[in-house]
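Student: Please take a close look at one pocket lining for me. Then follow the trail outward, in short steps.

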Amino acid sequence: MDLITKAPKGTADLVPEAAEKWRAMEEVLVSEARLNGFGEVRTPVFEHTELFQRGMGDVTDVVEKQMYTFLDKAGRSVTLRPEGTAGAVRAMLENGLFNAGYPVKLYYNIPCYRYEKPQAGRMREFRTFGVEVFGAAEPVADAQIIAMALSAFQRLGLKDVGLQLNSIGCKTCRKDYHQALKEYFSARRDQLCGTCLSRLDRNPMRILDCKSPDCQALAAGAPKITDYLCPDCREHFAKVQEYLGALGIGYTLDPGLVRGLDYYTRTVFEFPSQSLGFALGGGGRYDGLVEEMGGAPTPGLGFGLGLDRLMLALEAQKTDFPQPVRCELYIAAMGDGARVRALALVDALHRCGVPADCDLCGRGLKAQMKYAGKTGAQYSLVLGEDELSSGKAMLKDMEAGASVEISVGEDFVDSYLAATAAAVGG
Ligand code: HAM
């Protein structure tokens, strides 16, 4: 085969067997979101670039280095969404969802795009399942979304997942903290990487999130935000922990956890996988973001789960996924008249929700039966001239080998359902 091109680096096709597992995983997440009263939001894959620059902060790795940004034919800068929160905030405001009263609870299952160096669990196109809650300032909301993610993990049977928790405070407490960080890192500036050096004045907290080993070593000894929390943020964080405790949820406090995006305030959390060595998801509060986007001051919070990573974790622990729907009846046909009749019978079964199929490739009878075996069909039926004229055909149980005569006339569906019910019953 001489393909003209392959899929772009950092993207992956999902072919039916894999897509079937993804569907099963996504169904659990969607059903968990619906149980918790979330409604789905679908936003465009691309947005005006300033949405992400303003939303995520322009001194972040994602905005500075990873966005797929280009000019459209009218010369407008657009960006493939690198995450779901900014678009959800815009859609909530633009569609006036707040008019129905707070909280507004939204979920989404979307492809996102980041120009990163691909490796296991890091793609350029990846899928995120996210939830966002708007208008809920109370710490009970923080506890609820964390509990919801953990409940979904439990329903998926995911074993290797932890919860890391921190509070990164609000604007007030961050003033003093930024100052402390600047002093700490300025005294060690010769050990910082080039990117962090440029961030020292603009956004020193980003240094804590740098992947360079030297910066990480420095960050380990840096002042901790939790020592700088204002009384309100301190109380909020204590309550979140109290509620998690009441729900029996275990967690690790990680004062170094700051997350990679600028919009977070107060509670931040991640769900790390020990064995895979990366976060399956993360989130937190963003009480200033809605206002930053042009809305009225409105608290917000949410999380995003990386579905590619979640699938890696489920596969690593050898999760049993539900079996795909398999063909129940395969109708083999000989001759034009029989082929048309087979098509009509299959169509009639589909209308009753019975998975059935017939030949699409013009194969002979033997090849059709071989294909029926390959599909794993439970029953088969052969239609030829004789069956058409008598209106009767033999329904064969492919495994047991037993056959029973059924009608292939007007009452085909009733006759088929009665015969298969009797087979199950008998
Ligand atoms: P994030 O931590 O940047 O947060 O991404 C969420 C999750 O997406 C990560 O934990 C990871 O599992 C997955 N992910 C990120 N980048 C990649 C990649 N290149 N390849 C594969 N998976 C990836 C956010 O995006 C926030 N919007 C989450 C949020 C929602 N916070 C509040 N609401």
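Tutor: We start with the pocket, then turn to strands, ligand, cavity and one loop residue.

The model is predicted, so local features need pLDDT of at least 70 and side-chain atom pairs count only at pLDDT 80 or more, while totals for chains, interfaces and linings use all residues. Residues are numbered from 1 along each chain as its sequence is written, and side-chain values use heavy atoms, without hydrogens and water.

The second largest pocket holds about 880 Å³ of space. A pocket is an open set of points on a 1 Å grid over the protein atoms alone, with protein on both sides within 12 Å along at least five of seven lines; a cavity is a set where a 1.4 Å probe fits but cannot get out. Points are joined across faces, edges and corners, and a volume is the space filled by probe spheres set on them. Lining residues have an atom within 4 Å of a point.

There are 34 lining residues in this pocket. Nearest its centre lie Lys 171, Arg 174, Asp 262, Tyr 263 and Thr 265. Helix 6 (171-186) is among the elements that supply at least two residues, and so is strand 9 (265-273). Helix 6 gives the most, six residues. (Helices, H or I with at least four residues, and strands, E with at least two, are DSSP runs numbered from the N terminus.) By class, the lining splits into 14 charged, twelve nonpolar and eight polar residues. Here Asp, Glu, Lys and Arg count as charged; Ala, Val, Leu, Ile, Met, Phe, Trp, Tyr, Cys and Pro as nonpolar; the others, Gly among them, as polar.

Follow strand 9 out of the lining. Strand 9 runs antiparallel to strand 7 (residues 164-167), joined by four bridges. Two strands pair if DSSP finds at least two bridges between them. Ser 167 has Thr 267 of strand 9 as its bridge partner. Strand 7 also joins strand 8 (residues 252-253), in parallel, through two bridges. There Leu 165 stands opposite Leu 253.

Now the ligand. It is surrounded by 25 residues, each with a heavy atom within 4 Å. Glu 83, Thr 85, Glu 116, Met 123 and Tyr 264 are the closest. A side-chain N or O atom of Glu 83 sits 2.6 Å from a ligand nitrogen atom. For Thr 85, a polar side-chain atom is 2.8 Å from a nitrogen atom of the ligand. Glu 132 also places a side-chain N or O atom 2.8 Å from a ligand nitrogen.

Next, the enclosed space. The count is one cavity of 30 Å³ or more. The largest cavity has about 30 Å³ of space. Its lining consists of Leu 29, Glu 32, Phe 129, Met 148, Ala 149, Ala 152, Phe 303 and Leu 305. Helix 1 (16-35), helix 5 (139-156) and strand 11 each give two or more of these. Helix 5 has the largest share, three residues. Seven of the lining residues are nonpolar, one is charged and none is polar.

Last, Gly 294. Its place is the loop between helix 10 and strand 11 (300-306). Gly 294 counts as exposed because its relative accessibility is 64%; exposed means over 50%, buried under 20%, partly exposed in between, with a 1.4 Å probe and protein chains only. Gly 294 and Arg 90 lie 204 residues apart in sequence, yet 8.8 Å apart in space, C-alpha to C-alpha.

Definitions and conventions
Polar contact = N/O pair within 3.5 Å; in protein donor to acceptor, adjacent residues only side chain to side chain.
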